[in-house]
Amino acid sequence: AAKLTVSLAAYNTLVDACTRSSDMARVPQLLESMANDGLKPNTVTYSTIIKGYCLDNRLDKAMELLQEMKQSACCRPDEITYNTLIHGYAR
């Protein structure tokens, strides 16, 4: 049987669904599946996870991930990332 390949955009959509449904516990599993499919998280992936942490009022985790993004060569924070954090702190 042929293996189903999932795109990065599809994974990002799944991560977003987890954040919107307050199911952040599934995110590490999705990241592992991405890696198994040879995909690396991008800025959208990380910004979406940061949004989930903000919605869960876990601003410490959001800031940890921001620091990881700042040190990353491939996934630099952008204006959406920072706006997400601003909204998280304003809640």
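A polar contact, as the term is used here, is a pair of N or O atoms within 3.5 Å, where one must be able to donate a hydrogen and the other to accept it. Keep that cut-off in mind for Asp16, which we'll get to in a moment. What you're looking at is a predicted model, so let's start with how confident the predictor was. The mean pLDDT of the protein chain is 94, and 99% of its residues reach 70 or more. Helix by helix, H1 comes out highest at 97, while H4 (residues 59-71) is lowest, though still at a mean of 95.

Now walk in from the N terminus. Leu4 belongs to the segment before helix H1, which runs over 8-20. This leucine is exposed, with a relative accessible area of 70%. Between the C-alpha atoms of Leu4 and Asp37 there are 9.8 Å, although the two residues sit 33 residues apart along the chain.

Step into helix H1 and you'll find Asp16. Is this aspartate buried or exposed? Asp16 is buried, because its relative accessible area of 18% falls under the 20% limit. Its side chain has polar partners, too. One is the side chain of Arg20, at 2.7 Å, and another is the side chain of Lys51, at 2.5 Å. Both distances fit inside the cut-off we began with. If you skip its neighbours within four places in sequence, Asp16 is in contact with Thr48 and Lys51. Lys51 thus turns up as a contact of Asp16 and as a polar partner of its side chain.

Just past H1, have a look at the loop that leads to helix H2 (27-36), where Ser22 lies. Ser22 isn't a glycine, yet its phi is positive, at about 55 degrees. It is an exposed residue, at 52% relative accessibility. There's another case further along, in the loop between H3 and H4: that is the place of Asn57. Asn57 is not a glycine either, and its phi is positive at about 60 degrees. With 57% relative accessibility, Asn57 counts as exposed.

That loop delivers us to H4. Does the geometry of H4 agree with what its length predicts, and what span should we expect? At 1.5 Å a residue, its 13 residues should span 18 Å, and the end C-alpha atoms are 19 Å apart, which agrees. The buried residues of H4 are Leu59, Ala62, Leu65, Leu66 and Met69. They cover an arc of only 120 degrees around the axis, so they end up on the same side of H4. Go round to the other side and you meet Asp60 and Gln71, which are exposed. As for what covers the buried residues of H4, that includes helix H3 (43-55) and helix H5 (79-90).

H5 can be read in the same spirit. At its start, a side-chain oxygen of Asp78 reaches to within 3.1 Å of the backbone nitrogen of Ile80. The 12 residues of H5 should span 16 Å at 1.5 Å a residue, and the end C-alpha atoms are 16 Å apart, which agrees. Which residues of H5 are buried? They are Thr81, Thr84, Leu85 and Gly88. Looking down the axis of H5, you'd see these buried residues fall within an arc of 95 degrees, so they line one face of the helix. That side packs against H3 and H4. The face turned away from it carries exposed residues, namely Glu79, Ile80, Ile86, His87 and Ala90.

Last stop: the cysteines. How many disulfides does a search of the whole structure find? Zero. For Cys54, the nearest cysteine sulfur is that of Cys18, 16 Å away, and Cys54 is in no disulfide. Cys54 counts as buried, at 3% relative accessibility. Cys74 has its nearest cysteine sulfur, that of Cys75, at 3.1 Å, and is in no disulfide either. That makes sense because a disulfide calls for sulfur atoms within 2.5 Å, and the 3.1 Å of Cys74 and Cys75 doesn't meet that cut-off. Unlike buried Cys54, Cys74 is exposed, with a relative accessible area of 55%.

Key
Residues are numbered from 1 along each chain as its sequence is written. This is a predicted model: local features need pLDDT of at least 70, side-chain atom pairs count only at pLDDT 80 or more; totals for chains, interfaces and linings use all residues. Side-chain values use heavy atoms; hydrogens and water are left out. Buried means under 20% relative accessible area, exposed over 50%, partly exposed in between (1.4 Å probe, protein chains only). Helices (H or I, at least four residues) and strands (E, at least two) are DSSP runs, numbered from the N terminus. Contact means heavy atoms within 4.5 Å. pLDDT is the predictor's confidence in each residue, from 0 to 100. The expected span of a helix is 1.5 Å times one less than its number of residues. The arc is that of the directions from the helix axis to the C-beta atoms.
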